[in-house]
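Biologist: I am new to this structure. Could we go through it one part at a time?

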Amino acid sequence: MTQFLRPNIRAMAGYVPGEQPRDDGIIKLNTNENPYPPSPRVAEAIERVLRSDRLRKYPEPVGTTFRQTAGRVLGVDPDAILVGNGSDDILTILTRAFVPEGGLIVSPTPSYLLYRTLAEIQGARFQGVPYLDGWKLPAKWPLAEANLTLVANPNSPSGTMASLEELETLAGQLKGPLVVDEAYVDFANQHALSLARLPNVVVSRTLSKSYGLAGLRFGFAVASPKLVRELAKVKDSYNCDMLSLAGAAAALEDQEWLQANRKKILVTRARLGKSLESLGFHVTPSHANFVWATRRDRAVKPMYEELKSRNILVRYMDYGEHGNGLRITVGADAEIDRLLEELRKMV
Ligand SMILES: Cc1ncc(COP(=O)(O)O)c(C=O)c1O
């Protein structure tokens, strides 16, 4: 049967997500999940749905109730919100909507590896624009003709950010849409929601990281209401189920919970960065819930392997000529203590 597949599907390797071991004894610092549980209001909202007879029916196709909540909490027009089954779904919808077969997706690199995979699935080309020194975007963007330009902000693996001015300048140079992927933005000090008023900017968000809901699968985009209506044509009719819609709305309602966890994570992030530096790593100042740790004096891949053998998972990333390093999620304090204890034995 595989001979009938589209040639681009046969040719592609497929996205490889970070390992998701079942073993609870593992310290998991490899996929930027939140070490703290989500707001208890999430489970309450989900239980309310389960106890009602609502599961019999289809969920709201465009997530009207969630959109009202998110619109109020974030100060945006509810009609400007597109719901997704995780922000990966949002990115898939955007790719399907904007990128023709043979088209072009561009992003600064190194960045989120899924962007290339989305191009491969679509039968489109992917081209990276290397970040300049210090993870800076080139002021004059070299590939204005892309069908879709994606900027993770904060970026992964670096945790660095482009300023709003830099993003606006980029959007102004592009002939196509710019997606600002704000998966990690709640750990930063600024966001780009205000840029969603520009005609070619879409801002993407997820509840996987800051809200501690990676398992629920919920993301959303903010763009002009006119564009959101068009994008809704492309998505699965019921791309978000009733439980995730209810849980996501409840999570957004509890901003106090979000802020309390954010605060703890930022304190741990600062401590982790300093400690890694004292162990000889170079740590890029991070605006996300992970840090990018590199070193010149020795290879870090054996450290990743050694940590893994001691039940501590971090992410080893090798970007070829753009270098390699360890991307380490900011876990709970006890997890970071264990990580540092093991690293101390290795350097
Ligand atoms: C930059 C970036 N965007 C999007 C995502 C996807 O998140 P979600 O869980 O919402 O699909 C991730 C997840 O790691 C990410 O790193």
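## Strands, helices and a ligand shell

Biologist: In which sense do strand S3 (residues 104-109) and strand S5 (residues 148-152) run?

Modeller: Keep in mind that this is a predicted model. Ile105 stands opposite Leu148 in S5, and Val106 stands opposite Thr149 in S5. Two bridges join S3 to S5, and the two strands run parallel.

Biologist: Which strands are the edge strands of the sheet that holds S3 and S5?

Modeller: This is an open sheet of seven strands with mixed pairing, in the order S2-S8-S7-S6-S5-S3-S4. Two of its strands pair on one side only, and these are strand S2 (81-84) and strand S4 (125-130).

Biologist: By what angle are neighbouring strands of this sheet turned against each other on average?

Modeller: The strands considered are those in the order S2-S8-S7-S6-S5-S3-S4. Direction is ignored here, and the average turn between neighbours is 25°.

Biologist: What angle does the direction of helix H4 make with that of S7?

Modeller: Helix H4 (residues 87-98) packs on this sheet, touching S2, S3, S5, strand S6 (178-181), strand S7 (201-206) and strand S8 (219-222). Its direction and that of S7 make an angle of about 155°.

Biologist: How many bridges pair S5 and S6?

Modeller: In S6, the bridge partner of Ala152 is Asp181, and Val151 stands opposite Val180. The pairing of S5 and S6 is parallel, and the number of bridges is four.

Biologist: How many of the residues of S5 are buried?

Modeller: On one side of S5 are Leu148, Leu150 and Ala152, and on the other are Thr149 and Val151; both faces are covered. The count of buried residues, out of five, is five.

Biologist: In S6, which residues are buried on the two faces?

Modeller: Both faces of S6 are covered. On one side the buried residues are Leu178 and Val180, and on the other they are Val179 and Asp181.

Biologist: What covers the buried residues of helix H5?

Modeller: Helix H5 (residues 114-122) is mostly covered, with seven of its nine residues buried. Those are Leu114, Tyr115, Arg116, Thr117, Leu118, Ala119 and Gln122. What covers them includes H4, S3, S4 and S5.

Biologist: Which residue follows H5?

Modeller: The residue has a positive phi, near 75°. The residue that follows H5 is Gly123.

Biologist: How many residues in the contact of H2 with H8 are charged?

Modeller: Helix H2 (residues 40-51) and helix H8 (residues 242-253) pack at about 145° with axes 8 Å apart, and their crossing is right-handed. H2 contributes Arg41, Val42, Glu44, Ala45, Ile46, Arg48 and Val49, and H8 contributes Met242, Leu243, Ala246, Gly247, Ala249, Ala250, Ala251 and Glu253. These residues divide into 10 nonpolar and one polar, with the charged ones numbering four.

Biologist: Is Pro37 buried or exposed?

Modeller: Pro37 is found in the loop between strand S1 (27-29) and H2. A residue counts as exposed if 12 or fewer other C-beta atoms lie within 10 Å of its own. Pro37 has 12 such neighbours, so it counts as exposed.

Biologist: Which strands stand at the edges of the open sheet of five strands?

Modeller: The order in this sheet is S1-S11-S12-S10-S9, with mixed pairing. An edge strand has a single partner strand, so one side of it is left without a neighbour in the sheet; this holds for S1 and strand S9 (282-283).

Biologist: What angle does the direction of helix H10 make with that of S11?

Modeller: Three bridges join S1 to strand S11 (residues 312-318) in parallel, and Lys28 stands opposite Leu313 in S11. Helix H9 (residues 255-278) packs on the sheet, touching S9, strand S10 (290-294) and strand S12 (324-329), at about 10° to the direction of S10. Helix H10 (residues 301-309) packs there as well, touching S11 and S12, and its direction makes with that of S11 an angle of about 160°.

Biologist: How many charged residues does the shell around the ligand have?

Modeller: The ligand is surrounded by 13 residues, and the closest are Gly86, Ser87, Asp88, Thr206 and Ser208. By class, four residues of the shell are nonpolar and seven are polar, while the charged ones number two.

Conventions. Residues numbered from 1 in each chain as written. Predicted model: local features only at pLDDT ≥ 70, side-chain atom pairs only at ≥ 80, totals over all residues. Near = placed C-beta within 6 Å. Nonpolar A, V, L, I, M, F, W, Y, C, P; charged D, E, K, R; others polar. Pairing = 2+ DSSP bridges. Axes fitted to C-alpha atoms, helices over the stretch in contact; angles between N-to-C directions. Contact = placed C-beta atoms within 7 Å. Left-handed = near helix turned anticlockwise from the far one by under 90°. Buried ≥ 20, exposed ≤ 12 C-beta atoms within 10 Å, placed from the backbone.
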